[in-house]
Each structure stands twice: as structure tokens, then as C-alpha cells.
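Open the model in your viewer and keep the selection panel at hand. Each stop below says what to select and what is there.

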Amino acid sequence: MRFLQYVRQRRAAAGLLGGALLVPVLAACGGGDSSTPAAAAPTVSASGSVPAANLTVLAAASLTDVFKTIGTQYAKDHPGTKVTFSFAGSQELAAQVRQGAPADALVTADTKTMDDLKAETGTPTVIVKNELVIATAPGNPHKIDSLKDLSDPNLKVVLAAPEVPAGRYSQEILDKQNITVKPVSSEPNVRAVLSKVELGEADAGLVYKTDTTAAKGKVGAVTIPPDQNAVASYPAATLKATKNPAAADAFVQWLSSPEARKTLQEAGFQQP
């Protein structure tokens, strides 16, 4: 009897020891009932070390068509990253940035607007340049040949508002030639000017060369001589408020890549 009692005691002691050893093993394996999950590894795009992200880019209205292509190209080269654009006049974009609109990067149609936002952006890089042309109805029925023709009171001319880069450039070149134009309307962005001419609500308007290219025959274009024209520079920058700084920086840098420059050039933009 004493021998059997001794055996039972030894077995009970061995069971308690095994249980004590098993507890830390289970805890180390994550088999416990802990409410804190293990940290997930960040998603990385297939292009390399750039984190995948959903980016929002505020961009000048004159970039509307080409940036849709740019966004598709970038997403193809960087699987897992999606780029959504918000297009408006540069002055409207600046107001959105100052109001704290959630966005990751900004591209304006002039350096002045970007410079005024230096407290909210990283270091900007000019990605392309543009120039103005006179948009007319197809076939140029009013025979507009020069800036001087826009002063004709019988013509319905529309311009971008003075606070818009395109409007500021327009006034700059008109003043340079001592030409007075009384527009029938001042539009909030250059695409609105183009639309007025396309719809026949205006006989002519000053827009960017790339706007008439994108219109694909819906408007005519009268070239303005270089010595009478203005060159628009388009800077791009990451916004300091972005929640995706690495991904935003990568996109801004990619805008100066050979692939991006080729697409922009095909749309009528000039190299910086």
C-alpha cells in the first residue's frame, strides 16, 4: 500500500510540473487569450520599398486630362497604390490646403501659388511648363489673328479671373502689349474658359496650349508669338499634412521620370 501511495504522489507531482512548463510555451506561441494583436507588416508596392497607399493629389485644372493618364500609369507601375485627383484652379487648391483638406500632394499652374504655401509643403519641383494660346470656335470664323484682335468690342471674349494663374498670365501679356480687353465673364479656372468657347458662349478666350490640344478639334487655337507670351511653370510638392509621406514623395518624384515626362510632352506640355 505504501508503495502504491508513493507512485501516485510521484505522478501527481510530475503532472503539476508539466503544466507549469506548458504555460510559458503557450504564451510564447500566442495561444493565450491576449487582446493585443501582433503588429501587421506594412504593405509595400510591387515596385520596391515604397509603401502602397491611396493618395489624393490636388492638381491644377489644366492637368485634368493628362493626369488621368498619369494616374493610370502610376498605379500600373506601383500595384497596391491608387491615385485620386481633385482638379480646380490653383487658387482654389491653395484655399483647400489652408483649410486642412485631406490630401497628400499638390501641383499648381504657377510658382507663386506654391511659394505662398511653403509652410504647408515640402520642397517643390517644377515638372513641366506651358504657354497661352487664343482659343476660338473651330475654323476661327471671326478671323482672329493676334492678341490685338481681342480688343474688338464686337467680340465676346472670356478670360480666367485675375486671381487664377491663367488669368494673371493673360492680363500680364495683354498689359505688355497695351491691349485693353473687356471680358464678358471672368472664370474660376482655365477649363471654364475653354468650356465657354466650346459651347459657343464666347468667341474667344485665352487658355493654355494643352487645353486646346485636349479639346481635340472642338476649338481652334491661334498661336501667340513667344515675345508676347508668358510661360507657366507647374511645381509639384508633397503636403506636410499627408499621412502617407513616403508614398507621396515617391509620386512627386515620379512626375519627373522619363515615363511621366513623355506622357506630359505628348499632351503638349513643355519640358522644364
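Which residues of helix α8 (residues 245-254) are buried? Select the helix and pick out Ala 247, Ala 248, Ala 250, Phe 251, Val 252 and Trp 254. Bear in mind that this is a predicted model.

Now show what covers those buried residues of α8. The cover includes the strands β1 (54-60), β2 (82-88), β3 and β9 (231-238). It also includes the helices α2 (64-77) and α9 (258-266).

**Whole chain**

Zoom out. The chain has nine helices and nine strands. Of its 272 residues, 43% are buried. Turn on contacts with a separation of 6 or more: residues 24 or more positions apart account for 78% of them.

**Asp 104**

Next, select Asp 104. Find this residue in the loop between α3 (90-98) and β3 (105-107). Ala 248, one of the buried residues of α8, is in contact with Asp 104.

Which side chain of opposite charge is nearest to Asp 104? Select Lys 243, at 8.9 Å. A salt bridge needs a side-chain nitrogen of Lys or Arg within 4 Å of a carboxyl oxygen. Asp 104 is buried yet has no salt bridge.

Look for polar partners instead. Measure from the side chain of Asp 104 to the backbone nitrogen of Thr 56: a polar atom of that side chain lies 2.7 Å from the nitrogen. Then go to Asn 244, whose side chain makes a polar contact of 3.3 Å with the side chain of Asp 104.

Widen the selection to the contacts of Asp 104, leaving aside its neighbours within four places in sequence. Among them are Asn 54, Leu 55 and Thr 56. Others include Thr 238, Leu 239, Thr 242, Lys 243 and Asn 244.

**Thr 136**

Move to strand β4 (residues 125-136), where Thr 136 is found. Why does Thr 136 count as buried? Its relative accessibility is 2%, and buried means under 20%.

Show the contacts of Thr 136, again leaving aside neighbours within four places in sequence. They are Ile 144, Val 197, Asp 203, Val 219, Gly 220, Ala 221 and Val 222.

**The cavity**

Last stop. How many cavities of 30 Å³ or more does a search of the whole structure find? The search finds one. About 50 Å³ of space lies in the largest cavity.

Select the lining to locate this cavity: Ala 60, Ala 61, Ser 62, Ala 88, Gly 89, Ser 90, Ala 109, Val 164, Pro 165, Ala 166, Val 190 and Tyr 208.

How values were computed: Residues numbered from 1 in each chain as written. Predicted model: local features only at pLDDT ≥ 70, side-chain atom pairs only at ≥ 80, totals over all residues. Heavy atoms only, no water. Helix = DSSP H or I, 4+ residues; strand = E, 2+ residues; numbered from the N terminus. Buried < 20%, exposed > 50% of the residue type's maximum accessible area, 1.4 Å probe, protein only. Lys, Arg positive; Asp, Glu negative; His and termini not counted. Polar contact = N/O pair within 3.5 Å; in protein donor to acceptor, adjacent residues only side chain to side chain. Contact = heavy atoms within 4.5 Å. 1 Å grid on protein atoms, 1.4 Å probe; cavity = no way out; pocket = protein on both sides within 12 Å on 5 of 7 lines; lining within 4 Å. Points joined across faces, edges and corners; volume = space filled by probe spheres on them.
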